[in-house]
Amino acid sequence: MDPVSVSIEINGAVFEREIEPRMLLSDFIRHEARLTGTHVGCEHGVCGACTVQLEGAPVRACLLLAVQAHGRALRTVEGLAGEDGTLHPLQRAFHETHALQCGFCTPGFLMAIEPMLDRVGELDDARLRELIGGNLCRCTGYDSIVSAVRLAHARLPQAGEMGPPTPPAAEPDETPTPVATRPRWRRPVPAAVGLIALVAGAAAGLRRR
Amino acid sequence: MKPAPFDYLAPQSVAETLQLLARHGAEGKVLAGGQSLMPMLNFRLAQPEAVIDINNVAELSYITREQGELRIGALTRHAELERSPIVAAHWPLLTEALRWLAHPPIRNRGTVGGSVAHADPAAELPVALTALDARFIAESHRGGRVLDPGEMFAGPLQSGLEPDELLVEIRVPAVPSPSGCAFVEHARRHGDFALGGVAVVLVRDGDRCREGGARIVLLGAGPGPRRVPEAEALLAAGPVDEESARAAGEAAGRAAEPPSDPHADAGHRRRLAVALTRRAVLQAWERA
């Protein structure tokens, strides 16, 4: 029960604190790093409001201890927009399609959807709703959120405009699956560069989803 | 809604974990993906003296196929199993079951071993692993042992593990060929705990099901995954068609012992077992 020292990178900035091991990551983000864009709803993994990206993969911040993120890189909703405040294409699409009313759930939706944005083109609405089913919204009825995802996807740079060619998919092999190769996410500056990294990362098959 | 204080221990190896488990026994709790344990800590339904976080035990995270047998390290994440080409090619039942399991952010974090050791009768993986007749490798400072599904899923939220034991590996035997499988469930919303579900594996022998080649396991219909030998017997060594699928469904409904709760009463869940079993049998046969 002694305090432990942690060093956690959030949106590129490192936060070093002495904390109790029982502190939830969601509380570390809000109370220690003072990044209050990450919202806390149910605090038991049901509502999805606290979803952040841990090494690029969306996770529930309320179901992680802050100490478990020691030495690792997080990205929260504050890391989506550019340095100059330019909204991420997904944020812009949410704005334009009225995919939020009260906005409480929005950061969770954004962080859950953003890493899979390049894949949603192949999904029908039912499957897309299945994928975003881990986030609750009590205002919109979800239709406008689905519209926002479609709009943001439609605006992704087309293949061919995005620099390096897609590497061939890895052959199925029977070697142990490495777990320590998650991509480290950086704030996209400018947004277009980030998108290229996002798509290239997906092509390399590094992302969990 | 915050965990009670605990000592946090983060071993780096299985050997170190076993020493810690030997020392803390029932007062220690293993933290894997945390998608079930963390809510219990947050609600203070669990207040262990020590939390033993195995997330740094890299040697427990792997998916391999050896002599036709699938070996899954206990710390393998659901998302890793879900996108494993080995699993999709040889054990598609697992890939299909994982699609029903909660939501992507949960699958990114939750582990196969955690789901098994939590032994929730409404969880997908224990049902699928029972249908595939998996074996569970437990280790402690006293040595190792192998548990079968009946021993592993001893009761609701009760695994067959001793307090000083760690689940290290899940082994799934090869499924005979040609065969087909299906995992079907019904939840009020996709990703919620299911009101009912079933895993079916059928081994084909010409135009009939091979003798002893049917496995039918219900979800949420008892204290653990519920195998239905009566329904299996109705299919074994006979033609699989609408009629025998319906009969297997009725047998599953009779065998089911579902709970009643505010989400659905036992009668409704029993009818679900009938309908879902019939549907899954036909689907599995179509794929065989």
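Select helix α8 of chain B and start here: B:E124, B:L125, B:P126, B:V127, B:A128, B:L129, B:T130 and B:A131 are buried in it. "Buried" is a count: 20 or more other C-beta atoms, placed from the backbone, lie within 10 Å of the residue's own, while 12 or fewer make a residue exposed and anything in between partly exposed. Helices (H or I, at least four residues) and strands (E, at least two) are DSSP runs, numbered from the N terminus. The helix covers residues 124–131, and eight of its eight residues are buried. Step just past α8(B) to find B:D133, which takes a positive phi of about 55°.

**Before you go on**

This is a predicted model, in which local features need pLDDT of at least 70, side-chain atom pairs count only at pLDDT 80 or more, and totals for chains, interfaces and linings use all residues. Residues are numbered from 1 along each chain as its sequence is written, and chains are lettered from A and ligands numbered from 1 in the order in which they are written.

**Stop 1: the domains of chain B**

Colour chain B by its domain assignment: domain 1 is 7–53, domain 2 is 59–172 and domain 3 is 179–287. These bounds come from an automatic or database domain assignment. Taken over C-alpha atoms, the centres of domain 1 of chain B and domain 3 of chain B are 35 Å apart.

**Stop 2: a helix with one buried face**

Now select helix α1 of chain B, residues 14–24. Its buried residues are B:T17, B:L18, B:L20, B:L21 and B:H24. Look down the axis of α1(B): these buried residues fall within an arc of 160°, so they line one face of the helix. The arc is that of the directions from the helix axis to the C-beta atoms. A little background helps here: an α-helix has 3.6 residues a turn, so residues three or four places apart point the same way.

What do the buried residues of α1(B) pack against? Show β1, β2 (28–31), β3 (50–53), β6 (135–140) and β10 (166–172) of chain B, and you have the partners. Right after α1(B) comes B:G25, with a positive phi near 50°.

**Stop 3: the largest nonpolar core**

A nonpolar core is a set of buried Ala, Val, Leu, Ile, Met, Phe, Trp, Tyr and Cys residues joined through C-beta atoms within 7 Å. The largest one has 149 residues, and B:L93, B:A128, B:V198, B:V200, B:L202 and B:A252 touch the most other members. Helix α12 of chain B (residues 266–287) gives the most to this core, with nine residues.

Zoom in on B:L202. Leaving aside neighbours within four places in sequence, its contacts include B:C209, B:L235, B:V240 and B:W285. Two residues are in contact if their C-beta atoms, placed from the backbone, lie within 7 Å.

**Stop 4: three places in the loops**

Select B:S177 and B:P178, which are joined by a cis peptide bond with omega of about -5°. B:P178 sits in the loop between β10 and β11 (179–186) of chain B.

Next, try two residues with positive phi that are not glycine. B:Q67 has a phi of about 45° and lies in the loop between β4 and β5 (69–73) of chain B. B:A119 has a phi near 55° and lies in the loop between α7 (112–118) and α8 of chain B. Is each one buried or exposed? B:Q67 is exposed, with 7 other C-beta atoms within 10 Å, whereas B:A119 is buried, with 21.

**Stop 5: where the chains meet**

Show both chains together. The contact takes 37 residues from chain B and 32 residues from chain A. On the side of chain B that touches chain A, α6(B) gives the most, with five residues. The residues of that side divide into 19 nonpolar, eleven polar and seven charged. Here Ala, Val, Leu, Ile, Met, Phe, Trp, Tyr, Cys and Pro count as nonpolar, Asp, Glu, Lys and Arg as charged, and the others, Gly among them, as polar.

**Stop 6: the strands of chain A**

Finish on chain A, which has six helices and five strands. Select β1(A) (residues 4–10) and β2(A) (residues 13–19): they pair in the antiparallel sense over seven bridges. Strands pair if DSSP finds at least two bridges between them. In β2(A), A:E18 is the bridge partner of A:S5. The two strands form a hairpin with two residues between them, and A:N11 in the turn has a positive phi of about 50°. Then add β5(A) (residues 73–75), which runs parallel to β1(A) and is joined to β1(A) by two bridges. Here A:I10 stands opposite A:L74.
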